[in-house]
Amino acid sequence: MAQLIEDYALIGDLQTAALVGSNGSIDWLCLPRFDSAACFAALLGDEENGHWRIAPVDAEDRAVCSRRSYRGDTLVLDTYWETPTGTVRVTDFMPQRDETPDVVRVVEGLSGEVTMRSRIRLRFDYGHVVPWMRRVDGHRVAVAGPDSVWLRSEPKVTSHSEEFHTDADVTVSAGQRIGFVLTWHPSHEPRPEPIDPFEALEHSLEDWAEWAAQCTYDGPYREEVMRSLITLKALTYAPTGGIVAAPTTSLPEELGGVRNWDYRFCWLRDSTLTLGALLSAGFVDEAEAWRDWLLRAVAGDPADLQIMYGLAGERRLPETELPWLSGYEGSAPVRTGNEAVRQLQLDVYGEVIDSLSLARAAGLAPQKNAWELQLKLMEFLEANWQRPDEGLWEMRGPRRHFVHSKVMAWVAADRTVRTLEEHPELDGDPERWRRMRDAVHQEVLEKGYDPERNTFTQSYGSHDLDAATLLIPRFGFLPPDDPRVVGTIAAVRAELDGDGLLRRYSTENKSVDELPGDEGSFLVCSFWLADALHLAGRTDEARAMFDQLLGYRNDVGLLAEEYDKAAGRQLGNFPQAFSHIGLVGTALLLSGDQRAGAAGSVGEAGTAAPAGAAERAE
């Protein structure tokens with residue numbers, strides 16, 4: 001059985017990622033891309049679906065390491081095993097690739113003498129296909145269909161295969177190092193040149209240190225912010241600039257339930273907010289790469305804009321169930337692909353345009369096509385913002401007039417007006433977009449606000465509430481001290497509280513999402529609550545909420561999508577970009593940093609100034 005979700009750590013090479021358990025087992029790895037089929041899928045089944053464990057030879061299956069940590073501001077993971085006979089460190093990482101992906105595991109004796117065992121079960125196609133394993137030139141090679149994996153060690157150690165797995169036992173004493181390397185390549189191509197695991201380690205440390213040195217944030221919670229930024233960077237797909245929502249599929253929102261979705265794609269919303277978090281800390285290259293990805297992915301008719309795309313901008317992401325996998329702790333079905341790609345989510349237009357404005361304010365080189373795209377998106381939104389949609393939370397029930405979607409339509413118009421005011425050389429009629437901005441604002445106040453309860457609702461005419469309405473002051477729709485905002489904070493906190501954390505909406509009304517079961521508290525919603533409290537002048541409460549949320553990170557600083565307070569454990573896909581975006585934004589906001597995320601800082605008259613506006617005004 002897989003470990004708790006929070007027992008995993010992340011390694012990756014900016015094209016894919018692996019989850020390494022505290023028991024020394026890699027239980028999830030997709031090669032060669034984030035969205036490829038997994039060759040280790042024990043996370044969603046059992047060890048027969050593929051895993052690779054390195055641990056002391058006498059360690060029981062459930063035995064865990066003594067401690068572990070990332071090495072400085074990198075994605076290089078050190079796992080320590082302290083035994084009666086000595087201490088060993090296992091260093092796991094994936095070097096940024098030149099051609100083919102490698103997973104490197106360096107076993108190093110620190111004291112005494114310890115016998116370690118490497119046990120690997122390769123199972124291609126999400127744990128479904130047992131490969132043909134043979135020995136070539138003293139190395140192991142596994143082949144099945146399009147996939148080929150080489151397993152070798154430096155220096156060479158003896159390995160043997162039995163019962164469809166391969167073991168290698170090695171005894172290390174202080175100062176001894178053995179590097180295990182797994183390399184994937186297409187089975188019809190020649191074997192790639194092998195890498196030196198020890199040189200690769202040094203290069204990986206240098207690469208991450210060089211990237212982290214670009215960080216311009218040096219305020220409170222810097223260590224927590226930096227770990228979240230590294231995690232967000234690890235979710236970028238370097239060849240195209242796309243950004244995935246998470247590196248996993250089907251980790252459940254409810255244990256044993258059916259709310260299990262594939263997050264290994266590029267949601268425009270998550271990508272734009274990730275961009276905002278990275279830009280807020282000084283990482284500009286990612287913004288340029290993402291903008292180029294966006295222009296390629298959404299090229300064509302704005303009416304055809306999708307809420308998500310594949311890593312290279314692919315549009316078709318058919319949803320399929322994998323019946324041979326039992327699911328994480330029996331949470332079935334396991335799904336690949338995502339049917340929500342077909343949904344209409346009008347808030348995405350606002351997030352994309354807000355992000356383009358943020359990139360422009362951050363000083364990215366002007367890109368004519370980007371402004372042309374923004375105007376085309378605005379023209380579509382002008383004609384369609386009054387339509388119902390599936391909303392931020394990808395409801396699988398009937399379309400509704402979600403308040404958050406309308407607020408984000410207002411954001412799109414507002415940012416377009418501001419851009420034209422600040423850059424009069426650009427084409428466009430600011431008065432046209434002012435009229436749209438005013439019309440959206442008026443309708444939301446008339447139809448999305450319940451005066452009897454003094455709160456904004458989830459959708460027009462609905463009694464239900466939605467944590468996304470906490471973003472109203474953050475995006476500048478209303479001032480943070482507006483009585484309607486203050487009332488919404490109180491109502492959302494009272495009705496969506498999940499033992500101190502917020503749910504995103506109530507699942508009791510099944511007509512909203514038409515899914516059985518329940519879910520945990522959505523972590524980013526509690527970060528939004530902290531933001532709203534701080535903006536409303538209740539900073540002590542906001543800090544207390546933020547400190548509480550930091551306590552839910554695992555031992556290496558990672559967060560999943562949700563948290564089950566009653567069970568005391570993380571739920572949902574892991575690690576989740578949305579959660580780490582929330583962490584970065586709230587930390588910067590509490591520190592007084594004017595670059596606090598894509599939502600910007602709250603300016604006069606309750607309007608949000610895009611990040612960087614304060615610097616330009618000086």
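**Exercise 1. Helix 6**

Task: For helix 6 of this predicted model, determine how its reach compares with the expected span, and how many of its residues are buried.

Solution.
- Step 1. Helix 6 runs over residues 347–361, which makes 15 residues.
- Step 2. The expected span is 1.5 Å times one less than the number of residues. For helix 6 this gives 21 Å.
- Step 3. From the first C-alpha to the last, helix 6 reaches 21 Å, close to that expectation.
- Step 4. A residue is buried when its relative accessible area is under 20%. In helix 6, 14 of the 15 residues are buried, so the helix is largely enclosed by the rest of the structure.
- Step 5. Just after helix 6 comes Gly-363, with a positive phi of about 95 degrees.

**Exercise 2. The loop before helix 6**

Task: Locate Leu-344, decide whether Leu-344 is buried or exposed, and list what Leu-344 touches beyond four places in sequence.

Solution.
- Step 1. Leu-344 sits in the loop that connects strand 21 (335–336) with helix 6.
- Step 2. The relative accessibility of Leu-344 is 12%, so Leu-344 counts as buried.
- Step 3. Residues up to four places away in sequence are set aside; the contacts of Leu-344 are then Arg-387, Pro-388, Asp-389, Glu-390, Gly-391 and Arg-399.
- Step 4. Gln-306 is 38 residues from Leu-344 in sequence, and their C-alpha atoms are 7.6 Å apart in space.

**Exercise 3. A residue of helix 7**

Task: State where Gln-374 lies, whether Gln-374 is buried or exposed, and which residues are in contact with Gln-374 beyond four places in sequence.

Solution.
- Step 1. Gln-374 belongs to helix 7 (residues 368–384).
- Step 2. With a relative accessible area of 0%, Gln-374 is buried.
- Step 3. Beyond four places in sequence, Gln-374 is in contact with Ile-353, Leu-356, Ser-357, Arg-360, Thr-416 and Thr-419.
- Step 4. Helix 6 covers residues 347–361. Ile-353, Leu-356, Ser-357 and Arg-360, among the contacts of Gln-374, therefore fall within helix 6 by the numbering of its DSSP run.

**Exercise 4. Salt bridges**

Task: How many salt bridges does the structure hold, and what are the settings of the pairs Asp-555 with Arg-68, Glu-286 with Lys-233 and Arg-415 with Asp-414?

Solution.
- Step 1. There are 38 salt bridges in the structure.
- Step 2. In the pair of Asp-555 and Arg-68, the closest N and O atoms are 2.8 Å apart. The pair links distant parts of the chain, 487 residues apart: Asp-555 is in the loop between helix 13 (539–550) and strand 25, while Arg-68 is in strand 6 (residues 67–70).
- Step 3. Asp-555 has a relative accessibility of 52% and counts as exposed, whereas Arg-68, at 8%, is buried.
- Step 4. Glu-286 and Lys-233 form a salt bridge with an N to O distance of 2.8 Å. This pair also links distant parts of the chain, 53 residues apart, with Glu-286 in helix 5 (residues 285–297) and Lys-233 in helix 3 (residues 222–234). Both Glu-286 and Lys-233 are buried.
- Step 5. Arg-415 and Asp-414 meet at 2.6 Å, N to O. Arg-415 is buried at 1% relative accessible area, and Asp-414 is buried at 0%.
- Step 6. Arg-415 and Asp-414 belong to a network of salt bridges that also links Asp-354, Arg-418 and Arg-437.

**Exercise 5. Thr-166**

Task: Describe the surroundings of Thr-166, starting from the strand in which Thr-166 lies.

Solution.
- Step 1. Thr-166 is part of strand 14 (residues 165–173).
- Step 2. The relative accessible area of Thr-166 is 3%, so Thr-166 is buried.
- Step 3. The side chains of Thr-166 and Ser-161 are joined by a polar contact of 3.0 Å.
- Step 4. Beyond four places in sequence, Thr-166 touches Ser-161 and further residues, including Ser-118, Arg-119, Ile-120, Met-133 and Arg-140.

**Exercise 6. An open sheet**

Task: Which strands stand at the edges of the sheet 24-25-26, and how is strand 25 joined to strand 26?

Solution.
- Step 1. The sheet is open, has three strands in the order 24-25-26, and pairs them antiparallel.
- Step 2. Strand 24 (521–522) and strand 26 (569–571) are the edges; each has a single partner strand, so one side of each lacks a neighbour in the sheet.
- Step 3. Strand 25 (residues 562–564) and strand 26 are joined by three bridges. Asp-564 is opposite Arg-569 of strand 26.

**Exercise 7. Confidence**

Task: What is the average pLDDT of the chain, and where does pLDDT stay under 50?

Solution.
- Step 1. The average pLDDT is 91, and 94% of the residues score at least 70.
- Step 2. Over residues 597–618 pLDDT stays under 50; the model has 52 contacts beyond four places in sequence for this stretch.

Methods
Residues numbered from 1 in each chain as written. Predicted model: local features only at pLDDT ≥ 70, side-chain atom pairs only at ≥ 80, totals over all residues. Heavy atoms only, no water. Helix = DSSP H or I, 4+ residues; strand = E, 2+ residues; numbered from the N terminus. Buried < 20%, exposed > 50% of the residue type's maximum accessible area, 1.4 Å probe, protein only. Polar contact = N/O pair within 3.5 Å; in protein donor to acceptor, adjacent residues only side chain to side chain. Contact = heavy atoms within 4.5 Å. Pairing = 2+ DSSP bridges. Salt bridge = Lys/Arg side-chain N within 4 Å of Asp/Glu carboxyl O. pLDDT = per-residue confidence, 0-100.
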